[in-house]
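Biologist: I'm new to this one and would like a close look at a single part rather than a tour of everything. Could you pick one helix and walk me through it and its surroundings?

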Amino acid sequence: MPKQMLYKGASELQQRIEFGEYEVDELGREYHLEELIYEKKVAALKKEKPWLKEESFLEQIHPIRKQYRKRREAIMGAHLKAEHKLLTNLRGKLAEEFKLDPELIQDEMEEFDGTTREFYFHIKSIALSKTFNPDKQQRLILEQPRHILKPKERKYVDLWMRLIKKHKWEPFLNWNNYQ
């Protein structure tokens, strides 16, 4: 988010949190998409070559399965690194803004169950010894929509929509903010 878009009278960290910069890394959801892509390829091979017996079929899908597992491992590895970096950065920024011990923030992170915005106000409440209800605090910036498929991935939109419905991700994608 460019600096000139920020409001001068409000916390930069709060605005960045509200914008969605510290929300979950979307690679975790792409991990699930990879599974559906693999299943689609297996189904297509079964349809294309219905005469293959079990052993022959397993030989045919071996390279597909190998590629699938390799991609899933890479996606999950990148996701875990990105999540760790995101949480470490958030912990540091909160500690800096509220002049709190990063260990205290880490302990609160492990116990807290809510959104990043709610967590921000939770930490603010601890730091200032005053309760801040996130629902009563004015939202400065609408969260941005999450995970729009890249152009090369648009062929998987039907699989993606199936995943969204299966896992009930609609509320976390913020699509209604910009329709």
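**Around helix α5**

Modeller: Let's start where the helix stops: right after α5 comes S129, with a positive phi near 50°. Keep in mind that this is a predicted model. S129 is not a glycine, and still its phi is positive, at about 50°. You'll find S129 in the loop that runs between α5 (116-128) and α6 (157-167). S129 is also exposed, because its relative accessible area is 70%, and the cut-off for exposed is over 50%.

Now step back into the helix itself. α5 has 13 residues, and from its first C-alpha to its last it reaches 18 Å, close to the 18 Å expected at 1.5 Å a residue. Quite a list of its residues is buried: T116, R117, F119, Y120, F121, I123, K124 and S125. Here's a handy thing to know when reading such a list: an α-helix has 3.6 residues a turn, so residues three or four places apart point the same way. What do the buried residues of α5 pack against? Their partners are α1 (12-19), α3 and α4.

Two of those buried residues, Y120 and F121, also belong to an aromatic cluster, together with F98. Another buried one, K124, puts its charged end over the ring of F132, 4.7 Å from the ring's centre.

Let's follow the chain at α3 and α4 for a moment. Between α3 (54-98) and α4 (102-111) there is a loop, and K99 sits in it. K99 has a positive phi too, about 55°, although it is not a glycine. With a relative accessible area of 72%, K99 is exposed.

One more stop, since α3 is a packing partner of α5. Searching the whole structure turns up four aromatic pairs. Among them is a stacked one, Y38 with Y68, at 4.3 Å centre to centre and 15° between the planes. Y38 is in helix α2 (residues 27-48) while Y68 is in helix α3, so this pair ties together parts that are 30 residues apart in sequence. Both rings belong to buried residues: Y38 has a relative accessible area of 15%, and Y68 has 13%. There is a second charge over a ring to look for as well: the charged end of R72 sits over the ring of Y31, 3.8 Å from its centre.

So, back to your helix: α5 has buried residues that pack against α1, α3 and α4, and after α5 comes S129 with its positive phi.

Technical notes
Residues numbered from 1 in each chain as written. Predicted model: local features only at pLDDT ≥ 70, side-chain atom pairs only at ≥ 80, totals over all residues. Heavy atoms only, no water. Helix = DSSP H or I, 4+ residues; strand = E, 2+ residues; numbered from the N terminus. Buried < 20%, exposed > 50% of the residue type's maximum accessible area, 1.4 Å probe, protein only. Phe/Tyr/Trp six-rings, centres within 6.5 Å; stacked < 30°, edge-to-face > 60°. Lys NZ or Arg CZ within 6 Å of the ring centre and 35° of its normal. Expected span 1.5 Å × (residues − 1). Contact = heavy atoms within 4.5 Å.
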